[in-house]
Amino acid sequence: MSAATTLNEPFNNLEKLPHSPCVTLYHRNGRVGCGTLEREVMTGRLLHWSAVVSNGANESNAQSSLPPYVAALDEADYTSQTIEMLKTFSSNFVAGDEYGPVTDGGGPLRGVLVLSTDPSNVDGVTFPSPEPLTPQGDGTPMENLSVGSSYEWNVNNNGDGLTFTDMSGVPTVYVADSQTAAYLRNVAAEQANSISSDLTTAVFPSVLSEFNYYMGPSETTDGTKVTSQQCLEWKDLDGNWSPKCLPLGGNSIWAVAGTPVPLGYTDDENANDNNQDRPTVILSASIDSTSMFHELSPGANTAASNILSLLLAAELLGSSIKDEVLDQLYSRITFAFFQGESHGFIGSRLFVKDVIGGFECQAGNEGIPSVLKRKDEASTVRACLNPLRTDLTFQNLGDIRGMIAVDQVGNLGGGKNLYVQGGTENGFDAFLSEVMIELSANGEYTAQASSASNNNEDGTASLPPSPVSSLVKLS
């Protein structure tokens, strides 16, 4: 309501509330997330979600008309089960035209408002994790990329799987401001209480909510399911490439301890001999997390704590040991921060594939001079235009001898395990785990053997979803 509007005069303008819109992602098999059915806005009166699914409207009256409504619910109730109940109920009816023509063919459910829980009333409230029981495992588009995809890592957090639910036709926003959320919660409850017998009553006057979030189609006009590949390959009517979505990802970052990796494709005159052709041990972490809403990424345990731990390790190593000493080690220490790990290990898969599989640049493996330059070095970083790589220095890293992934360190709970995968009890992996245990505080960590198979017939746990999954799958 604008400042000039008063309750003494009728008004019908809709004010934009501070909110965060939901996310839509296309993958190899289809899409997940929310959005309006078409480009037209979707409007409905605000009702509490429980009144919608428990009201006396006769579901056997299939395809009868109901006035459009928007379901309001607390964030603790925002689960795949709740959304499925709302969608199922709505599918039994068609949307009426009480608040304007409805031409998209959808049901009376026109959207969902997720309201932040009152911070003074969170005791005893359970917030299920929107991730599935098997993160990046069974039932997700990334199940073939994970090691031990059937292992349920997310049991303690009541993994719900909402992040991989297709909510096309159900635009959703999150209202974070507690006062605004409290007001909308009261309005939704009052309007729900005004319904005496079924959802067709008390249509006017009503507080309405309007959504204008078209996130793309689920199917083409001929009924073909739209996938990430089709979305990125989209062409306009003139045949010009015009993608309808942006690829996931971002910039992954890596650096080495000791003397920098030589820039040139041949020996660098400034590098010592011990720094050439050495294998590398990677200390890695993911720097992203999943989210149901734009600009809201609750990734303290999946990203922030990992990044902080690895940065502190790098700072401690760099400030305590001279480069000359680090250069004498048999293996080079590489720190890597990978992007896109929560959506199929995008960053680590690309990095490991380039280093292990051997990257081939269409302009020749030596590439072309890049605009990037290292501080205090005269040499220019080499780049490749096809496939695009802004820096080809990774080609001089050497073989990957092992990887340590830092993950979930902010949510250890009662268990402090180091999951170790790969070789014999006297192998390099066992050596790394013993070193980590000896260095851990109070020796509270234990080494947990990890299986690379799904069936776990040997009694070991599967490998947790982390950058190590990429190394195991591709090596």
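**Figure 1. A nonpolar patch on the surface of the predicted model.** V122, V125 and F127 together make a nonpolar surface patch of about 200 Å²; the structure shown is a predicted model. V122 belongs to the loop that runs between strand 8 (109-115) and strand 9 (166-168). With a relative accessible area of 32%, V122 is classed as partly exposed, because that class lies between the limits of 20% for buried and 50% for exposed residues.

**Figure 2. The open sheet of six strands.** The strands of this sheet follow the order 1-10-8-6-4-11, and their pairing is mixed. Its edges are formed by strand 1 (20-21) and strand 11 (208-211), each of which pairs on one side only. Strands of a sheet pair through backbone hydrogen bonds, in either a parallel or an antiparallel sense.

**Figure 3. The pairing of strand 1 with strand 10.** Strand 1 and strand 10 (residues 172-175) run antiparallel and are joined by two bridges. Within this pairing, P21 is placed opposite V173 of strand 10.

**Figure 4. Helix 3 and the strands that it crosses.** Helix 3, made of residues 178-193, lies across strand 4 (42-48), strand 6 (69-74), strand 8 and strand 10. The angle between helix 3 and strand 4 is about 85°.

**Figure 5. The open sheet of three strands.** A further open sheet has three strands in the order 2-3-9, again with mixed pairing. Strand 2 (24-27) and strand 9 each have a single partner strand, so they stand at the edges and one side of each has no neighbour in the sheet. From one strand to the next, the twist averages 30°. Strand 3 (residues 30-35) pairs with strand 9 in the parallel sense, over three bridges. One residue pair in this view is C34 and its bridge partner M167, which is in strand 9.

**Figure 6. The surroundings of G159.** G159 is located in the loop between strand 8 and strand 9, the loop that also holds V122. The relative accessible area of G159 is 17%, and G159 therefore counts as buried, since the limit for buried residues is under 20%. When neighbours within four places in sequence are left aside, G159 is in contact with S129, E131, P132, L133 and N154. T134 is 25 residues away from G159 in sequence, while the C-alpha atoms of these two residues are 7.9 Å apart in space.

Key: Residues numbered from 1 in each chain as written. Predicted model: local features only at pLDDT ≥ 70, side-chain atom pairs only at ≥ 80, totals over all residues. Heavy atoms only, no water. Patch = residues over 30% accessible without salt bridge, like charges linked within 9 Å, V, L, I, M, F, W, Y side chains within 5 Å. Areas by Shrake-Rupley, 256 points an atom, 1.4 Å probe, with all protein chains shown as cover. Salt bridge = Lys/Arg side-chain N within 4 Å of Asp/Glu carboxyl O. Helix = DSSP H or I, 4+ residues; strand = E, 2+ residues; numbered from the N terminus. Buried < 20%, exposed > 50% of the residue type's maximum accessible area, 1.4 Å probe, protein only. Pairing = 2+ DSSP bridges. Contact = heavy atoms within 4.5 Å. Axes fitted to C-alpha atoms, helices over the stretch in contact; angles between N-to-C directions.
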